[in-house]
Amino acid sequence: MTNKASVSEIQAELIEDFSFFDDWMDRYRYIIQMGEAMPVLSSEEMVETNLLKGCQSQVWLVNSSDDAGRIRLRGTSDAAIVKGLVALMLKVYDDQPATEILNNPPAFISEIGLDDHLSPTRKNGLASMVTAIQDAARKRV
């Protein structure tokens, strides 16, 4: 059994992390650094079937589950800020039980003010990511 923090605990940590930044340029830099630190997807994973619809940038999201019903997520994007948004979502939802994902929508997005600081196209992409993660969880409940 893994000792990973719950979705709500991780969201609370992110809200606290972002509270240390005084301005949005620092927050964007932090998001981009999170994206740069993510493991790289293989070319076999960066295929059409893993490409999210509704994103202006290219976003690949790969999901699987283990025998305990925990959802495993991997992803990337061709745009630095969007890759960071993928990293944020994976930090919250990767290796979580499907029911935990479905019962805990990403409230941290509005709590840290991210929804007010993204372009409409990036908001749409983020919403597509949330939907894809929740759909992956729904298939395993």
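**Chat about salt bridges and a helix pair**

Author: Worth flagging up front: Arg 27 is buried (under 20% relative accessible area, with exposed being over 50% and partly exposed in between, 1.4 Å probe, protein chains only), yet Arg 27 has no salt bridge, and the nearest side chain of opposite charge, Asp 23, sits 7.3 Å away. For charges, Lys and Arg count as positive and Asp and Glu as negative, while His and the chain ends are not counted. A salt bridge here is a side-chain nitrogen of Lys or Arg within 4 Å of a carboxyl oxygen of Asp or Glu.

Reader: Before I dig in, what kind of model is this?

Author: A predicted one, where local features need pLDDT of at least 70, side-chain atom pairs count only at pLDDT 80 or more, and totals for chains, interfaces and linings use all residues. Residues are numbered from 1 along each chain as its sequence is written, and side-chain values use heavy atoms, with hydrogens and water left out.

Reader: OK, what does Arg 27 touch?

Author: Phe 18, Ser 19, Phe 21 and Ile 112, not counting residues up to four places away in sequence. Contact means heavy atoms within 4.5 Å.

Reader: And which helix is Arg 27 in?

Author: Helix α2, residues 24–36. Helices (H or I, at least four residues) and strands (E, at least two) are DSSP runs, numbered from the N terminus.

Reader: Switching to salt bridges, how many does the structure hold?

Author: There are 7. One of them joins the side chains of Glu 45 and Arg 74 at 2.7 Å, N to O. Glu 45 is in the loop between α2 and β1 and Arg 74 is in strand β2 (residues 70–77), so this pair ties together parts 29 residues apart in sequence.

Reader: Is Glu 45 buried or exposed?

Author: Buried, at 18% relative accessibility. Arg 74 is partly exposed at 31%.

Reader: Which residues are linked in a network?

Author: Asp 66, Arg 70, Arg 72 and Asp 95, through salt bridges. Asp 66 and Arg 72 meet at 2.9 Å, N to O.

Reader: Last topic: at what angle do α1 and α3 pack?

Author: About 140°, with the axes of α1 (residues 7–19) and α3 (residues 80–93) 8 Å apart. That makes α1 oblique to α3. Axes are lines fitted to C-alpha atoms, for helices over the stretch in contact, and angles run from 0 to 180 degrees between N-to-C directions. Under 35 degrees counts as roughly parallel, over 145 as roughly antiparallel, 65 to 115 as roughly perpendicular and the rest as oblique.

Reader: Who makes the contact from the α1 side?

Author: Val 7, Ile 10, Gln 11, Leu 14 and Phe 18.
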